[in-house]
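Dear colleague,

Please find below the structure that I am handing over to you, together with its sequence. My account of what was found in it follows directly after.

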Amino acid sequence: MATHPLQGKVALVTGGSRGIGRAIAERLGRDGATVAVAFARDESAADEVVARIRKDGGRAFALRAELGRHGDAAALWAAFDARATEHTPGAAVDIIVNNAGIARSSDLSNLTEDDFDKVFAVNVRAPFFIVQEGLKRLRDGGRIINISSGAAHLAMPEAIAYGATKSALDNFTLNLAKELGARSITANSVAPGIIDTDVNAGWLRDNAAAQAHAASLAALGRVGQPEDVAGIVAFLASDDARWVTGRVIDATGGSGL
Ligand code: NAP
């Protein structure tokens, strides 16, 4: 395998400052891509990711882009254009990873309209318009990778709106694959199970019983790590995955088998 399979490619990773997005950004950087690390609030975390990629010999820059409001995608790409021209002629992009997402833990009876709107705005509306705006920059042969969730195809009534956002994202993936195939652009979803990130820190970290329970859900018998997901994304981003499109790739370590 080539040491730098993504040499010459440019990637955008939303939510690249922490958790799964951080691992994806660092992995794509190690694989040779120039990485735009988009974040919402935690600039120092994004700067750390950029520094890490550069330390490993890669190229990266950070972009502040809070998602979940009207005009967010246009603002993200304006920020990308302003920075990317230093790295890529015409501010072109090859790999778009829609990773930023939020969880809203609420069952149907407690769900508020505001919570519903917010989780759909970040998890669904933002990826739709990031891709819409990004298509004019996305080179033929490009990749769209949407970070979904195992929750998309499970009944989890305690997070009912969250699961619905990820099902919507998977349907978006399907349609993108059909529409963009003629340009050799692939679109796939990656669906993690429980991954050890900040989003789960409150109940999972430093709690041996919770760790053991989470590990027991996966056939592979441990809690998933961000790097487990990043490896799958790196494959989908690579030329070796050029014949895979419109799919949801399971990243749950064999949960629910
Ligand atoms: P995380 O640790 O909470 O990190 C979230 C990342 O998204 C951060 O970089 C954050 O930026 C960014 N972000 C959050 N809200 C944003 C907003 N409104 N606009 C722009 N960026 C925003 O999350 P994670 O666990 O890595 O999850 C990443 C993705 O994987 C999500 O789509 C999630 O649904 C999915 N997923 C996670 C799990 C899991 O168990 N962890 C399981 C299945 C699916 P700041 O640092 O600036 O806040």
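I begin with a single pair of side chains: serine 44 and aspartate 42 are joined by a polar contact of 3.2 Å. Please keep in mind throughout that this is a predicted model. Serine 44 belongs to helix H2. If you wish to relate serine 44 to a residue elsewhere in the chain, asparagine 123 may serve: the two are 79 residues apart in sequence, and their C-alpha atoms are 23 Å apart in space.

Helix packing

To read this part, it helps to know that two packed helices are described by the angle between their axes and the distance between the axes.

Helix H2, which comprises residues 43-55, packs with H1 at an angle of about 25 degrees, and the two axes are 9 Å apart. H1 is therefore roughly parallel to H2, as the angle is under 35 degrees. The crossing that H1 and H2 make is right-handed.

Helix H4, residues 113-134, packs with H5 at an angle of about 15 degrees, again with the axes 9 Å apart. H4 and H5 are therefore roughly parallel to each other. H4 passes H5 in a crossing that is right-handed.

How, then, are H3 and H4 oriented to each other? The axis of helix H3, residues 72-84, comes within 8 Å of the axis of H4, and the two cross at roughly 45 degrees. H3 and H4 are therefore oblique to each other. This crossing, too, is described as right-handed.

The ligand and its surroundings

Which residues are closest to the ligand? Of the 31 residues that surround the ligand, the closest are Ser17, Arg18, Arg41, Tyr162 and Thr197. Sorted by class, this shell has 14 nonpolar, 11 polar and six charged residues.

Backbone atoms of the protein also lie beside oxygen atoms of the ligand, and three cases may be given. For glycine 15, a backbone N or O atom is 3.1 Å from an oxygen atom of the ligand. For isoleucine 20, the distance from a polar backbone atom to a ligand oxygen is 2.8 Å. For asparagine 99, a polar backbone atom is 2.7 Å from an oxygen atom of the ligand. On its own, the ligand has 900 Å² of accessible area, and the protein covers 94% of this. The elements that contribute two or more residues to the shell are helix H1, residues 19-30, and helix H5, residues 160-180.

Two backbone angles in loops

Finally, I would draw your attention to two residues with a positive phi. Serine 184 is not a glycine, yet its phi is positive, at about 60 degrees. Serine 184 is placed in the loop between H5 and strand E6, the latter running over residues 186-192. Aspartate 206, likewise a residue other than glycine, has a positive phi near 60 degrees. The loop that holds aspartate 206 lies between helix H6, residues 201-204, and helix H7, residues 208-217.

With kind regards

Technical notes: Residues numbered from 1 in each chain as written. Predicted model: local features only at pLDDT ≥ 70, side-chain atom pairs only at ≥ 80, totals over all residues. Heavy atoms only, no water. Near = heavy atom within 4 Å. Polar contact = N/O pair within 3.5 Å; in protein donor to acceptor, adjacent residues only side chain to side chain. Areas by Shrake-Rupley, 256 points an atom, 1.4 Å probe, with all protein chains shown as cover. Helix = DSSP H or I, 4+ residues; strand = E, 2+ residues; numbered from the N terminus. Nonpolar A, V, L, I, M, F, W, Y, C, P; charged D, E, K, R; others polar. Axes fitted to C-alpha atoms, helices over the stretch in contact; angles between N-to-C directions. Parallel < 35°, antiparallel > 145°, perpendicular 65-115°, else oblique. Left-handed = near helix turned anticlockwise from the far one by under 90°.
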